[in-house]
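Reader: I am new to this structure and would like to learn how its ligand site and its pockets are read. Could you take me through them one by one?

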Amino acid sequence: MEHKKGREGFSSGIAAFFATLGSAVGLGNIWKFPYVVGANGGAAFLLVYFICIIFIGLPVMISEFYMGRKTRKNVMGALEILTPKRKWKSIGLISMLGSYFIVFFYSSVGGWVYSYVFKTIKGDFNQVTSQSAQEEFGRTIIGPISPIVWQFIVVTVVSLILVLGVKNGIERITKTLMPILFILILICDIKALTLPGVNESFKFLFKVDFSMLSGSAILMAMGLAFFKLSLGMGCMMTYGSYFTKKDNMMGTAAKVAISDTIVSLLVGIAVFSAVFSFGMKPSSGPGLLFMTVPMVFSKLPFGTLLLLAFFILASIAATTAMTSMCEVVIAYYSEQRGMSRKKAVFLNAVIILGIGIFATLSADDNSLLGKFTVFHMRVFDLFDFISSNILLPLGGILIAIFVGYVIPKCDIKKELSNEGNLKLDKLIDTYYIILRYVTPVLVFIVFLSSLGLM
Ligand code: PHE
């Protein structure tokens, strides 16, 4: 490290774990994963998901960690060091574009989540009915001024974290907020255990029903493994570049994947216990988060406090995930372009707000730009499609092929085993075989299916 004087990094393995988990845990755990599990066969789907984690998620994550820590550089710098061939630089470009396109719309949703914390405190959900919940959500996303203001607030918060740097910003915040997030989830779960709907929620999430497991569910599990673990867009590469040379990267990857899934399931138990207690049907997406949850939680004793806990935890999840997306480009601006960190963070915020506003103003049919479509999609959905369905899988497949076929195996072995200090020979061999022969094929299938070609 001596030759890269002054480059910051995480101070310990625990710090690396919390930061990486902070990236993985996001809105996906709250509005997507629990429902997808329940709707597609419960434990049967979980089994498939774990298989996807083993064959897609972990191999790509470990490869990104490898590229980052080996070079201790941002995505572009890493590729420059690893190969003289310019064409592989496309991985860096795809990564940065991927992070931007996600953060453009993710920051809108982050804004809605923040605004719900505020609304809960204000008492807006005290006597909420299904109609008023719907109206409130409509007002929140259509605006047009308030969603832009909330997006600005979210981007400002994320920028403040980032400007503090890797240790004082990302590390300190994730190390503080991740345990708080976990405690808030437990509070919601303890409450859930007292509700009449708790049994049904367990049945929904953990039944073993292979008959509900369709082909599309399997494809969904593959795509989910990607998005959930923030793969294919350089997040894990950038964070990996901050790991210490002593960290066990394979161990961290496994711990993050498992903890992330546990978080999703705990959220699922809390939310669906309340949903079933009021005889409602489970659902997913913004409707679940912004309409059903306020409605059912606010009807419970201490409901407002519970709702507050819930939206604070959702805000934490959105904030730490967004921080990781932004760090990909900030590391690039400051290392490759020679900008100061402050300037890089500022430029990044300006870009997100300048383009993200188009996502914010097109989130709903009735939004200001709601009628304007490109390829039959509103800008908001277009950004989501470009990032989740094109750039992420494309980035992932290139990373798998690059590390699997271009990097010499002995280099990978040396880095993953910390120069032989960790006895991981068998695991590394298994990882390498999967990375070469299984992961690219599976990611390719995800890619085709997300383009609607399968
Ligand atoms: N993993 C995050 C979630 O589940 C989303 C994310 C994707 C974060 C890509 C960073 C990069 O919400």
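Reader: Which cavity is the space taken by the ligand?

Author: A word on the source comes before that. This is a predicted model, in which local features need pLDDT of at least 70 and side-chain atom pairs count only at pLDDT 80 or more, while totals for chains, interfaces and linings use all residues. Residues are numbered from 1 along each chain as its sequence is written, and side-chain values use heavy atoms, with hydrogens and water left out. On a 1 Å grid over the protein atoms alone, a cavity is a set of points where a 1.4 Å probe fits but cannot get out, and a molecule sits in one if more than half of its atoms lie within 2 Å of its grid points. Here the space taken by the ligand is the largest cavity.

Reader: How many residues surround the ligand, and which are the closest?

Author: A residue counts as near a molecule if one of its heavy atoms lies within 4 Å of it. The ligand is surrounded by 15 residues, the closest being Ala24, Gly28, Tyr106, Phe227 and Lys228. Helices are DSSP runs (H or I, at least four residues), numbered from the N terminus, and α2 (27–39) gives the largest share of this shell, three residues.

Reader: What polar atoms of Tyr106, Phe227 and Ser230 lie by the ligand?

Author: A polar contact is a pair of N or O atoms within 3.5 Å. An N or O atom in the side chain of Tyr106 is 2.6 Å from an oxygen atom of the ligand; a polar backbone atom of Phe227 is 3.0 Å from a ligand nitrogen atom, and a polar side-chain atom of Ser230 lies 3.2 Å from a ligand nitrogen atom. With accessible areas taken from the Shrake-Rupley method with a 1.4 Å probe, the ligand alone exposes 320 Å², and the protein buries 100% of that.

Reader: How much space lies in the largest pocket, and which residues line it closest to its centre?

Author: A pocket is an open set of grid points with protein on both sides within 12 Å along at least five of seven lines, and lining residues have an atom within 4 Å of a point. A volume is the space filled by probe spheres set on the points, and the largest pocket holds about 730 Å³. It is lined by 27 residues, and closest to its centre are Lys32, Phe227, Asp384, Ser388 and Asn389.

Terms used:
Polar contact = N/O pair within 3.5 Å; in protein donor to acceptor, adjacent residues only side chain to side chain. Helix = DSSP H or I, 4+ residues; strand = E, 2+ residues; numbered from the N terminus.
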